[in-house]
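This briefing works through one protein chain and its ligand, moving from the strands to the domains and then to the ligand shell. Please keep the structure open alongside the text.

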Amino acid sequence: MTSIIPASSKDLGQHRNRNGLPGNGQPKNENKISERIRARLVAEDVSFLANDNIAEHIQPGELKELEVEVADRVRELLQSLVIDIDNDHNTQETAERVARMYLNEVFKGRFYEQPDVTSFPNTKDLDEIYTVGPITVRSACSHHLVPILGNCWIGIKPGSRVIGLSKFARVADWVFSRPHIQEEAVMILADEIERLCEPKGLGIIVKAQHYCMKWRGVKEPNTSMVNSVVRGVFRHDPSLKQEFFELVRQQESTLGA
Ligand SMILES: Nc1nc2c(ncn2[C@@H]2O[C@H](COP(=O)(O)OP(=O)(O)OP(=O)(O)O)[C@@H](O)[C@H]2O)c(=O)[nH]1
């Protein structure tokens, strides 16, 4: 249902600029923890785009070091904004707070492993469609790093495995807690849910407001974006797809206003 903004192809999988220097052209500083993690990712040819999860490439204790480095950078950003952080009582600890917020809260889906999800065999061959929602999703747009806030509905026609209802909310929170565009967030969430419970049919709808459109820029306070993905039998059987959308419509009048 959605089309994805083509990413700037010159950046994909490409970690050197035209001077042959990594990233922004600054000489490599191997002492920085971010550079050590980055070097590891490049050596292993692992993607580390804004909405990728890199938890398995971060060693114990490194996240704490990263927090110190990010706080240093945020402090420099505040100084570049000509804020008197030495004398301004309100911004004394802002750098540390922002670092903690990025690494452990709003972008935790990049730095932490997926929450534990137990899956059970579908021994009774359950095959009725069910939907779960609204699940609150919180993200940030990759372009301006300002919030995307909305709701998500997930529909399942069970396959070989079953997972607990609360796990859909936990996995959605983990996936959305990264810088994203909404179209890609929905696809990544669908990939994770397919991997976890191998459903015969999967449908996801997300309705969200983008603060880059609300708070700044075009300043449209009420505009939202709705997108969806349907997979498996929901994609191939129009009546099942219809049933999924109808169940969600009944659950919440999502597609109306
Ligand atoms: N398709 C899509 N676009 C998004 C999403 N989040 C933000 N955008 C848009 O992506 C665009 C960002 O790129 P630019 O057009 O270069 O940004 P800008 O010049 O600051 O644009 P304005 O927001 O119009 O001021 C903006 O139009 C955003 O509204 C998303 O999840 N999906």
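Two strands are taken to pair if DSSP finds at least two bridges between them. With that criterion in hand, Ile 135 can be placed: its bridge partner in E3 is Cys 152. The model is a predicted one, and its protein chain comes to nine helices and seven strands.

**Strand E3 and its neighbours**

- Strand E2, which covers residues 130-141, pairs with E3 in the antiparallel sense, and nine bridges make up that pairing.
- The hairpin formed by E2 and E3 has five residues between the strands, and within this hairpin Leu 145 takes a positive phi near 55°.
- E3 is also joined to strand E6 (residues 201-210), here by ten bridges and again with the strands running antiparallel; in this pairing, Ile 148 has His 210 of E6 as its bridge partner.
- Why can strand E3 be described as largely enclosed by the rest of the structure? Eight of the eleven residues of E3, which spans residues 147-157, are buried, so the description follows from that count.

**The chain as a whole**

- Of the 257 residues of the protein chain, 24% count as buried.
- When contacts in the protein chain are restricted to residues at least 6 apart in sequence, 70% of them join residues that are at least 24 apart.

**Two domains and their contact**

- The protein chain is divided into domain 1, which takes in 33-111, and domain 2, which takes in 119-251, and the C-alpha centres of these two domains lie 28 Å apart.
- Seven residues from domain 1 and twelve residues from domain 2 take part in the contact between them.
- On the side of domain 1 that touches domain 2, helix H4 (residues 108-111) provides the largest share, namely three residues.
- Sorted by class, that same side of domain 1 has three nonpolar, two polar and two charged residues.

**The shell around the ligand**

- Which residues come nearest to the ligand? Of the eleven residues around the ligand, these are Cys 141, His 143, Ile 181, Gln 182 and Gly 217.
- Helix H6 (182-197) and helix H7 (211-214) are the elements that give two or more residues to this shell.
- By class, the residues of the shell around the ligand divide into six nonpolar, four polar and one charged.

Conventions. Residues numbered from 1 in each chain as written. Predicted model: local features only at pLDDT ≥ 70, side-chain atom pairs only at ≥ 80, totals over all residues. Near = placed C-beta within 6 Å. Helix = DSSP H or I, 4+ residues; strand = E, 2+ residues; numbered from the N terminus. Nonpolar A, V, L, I, M, F, W, Y, C, P; charged D, E, K, R; others polar. Buried ≥ 20, exposed ≤ 12 C-beta atoms within 10 Å, placed from the backbone. Domains from an automatic or database assignment. Contact = placed C-beta atoms within 7 Å.
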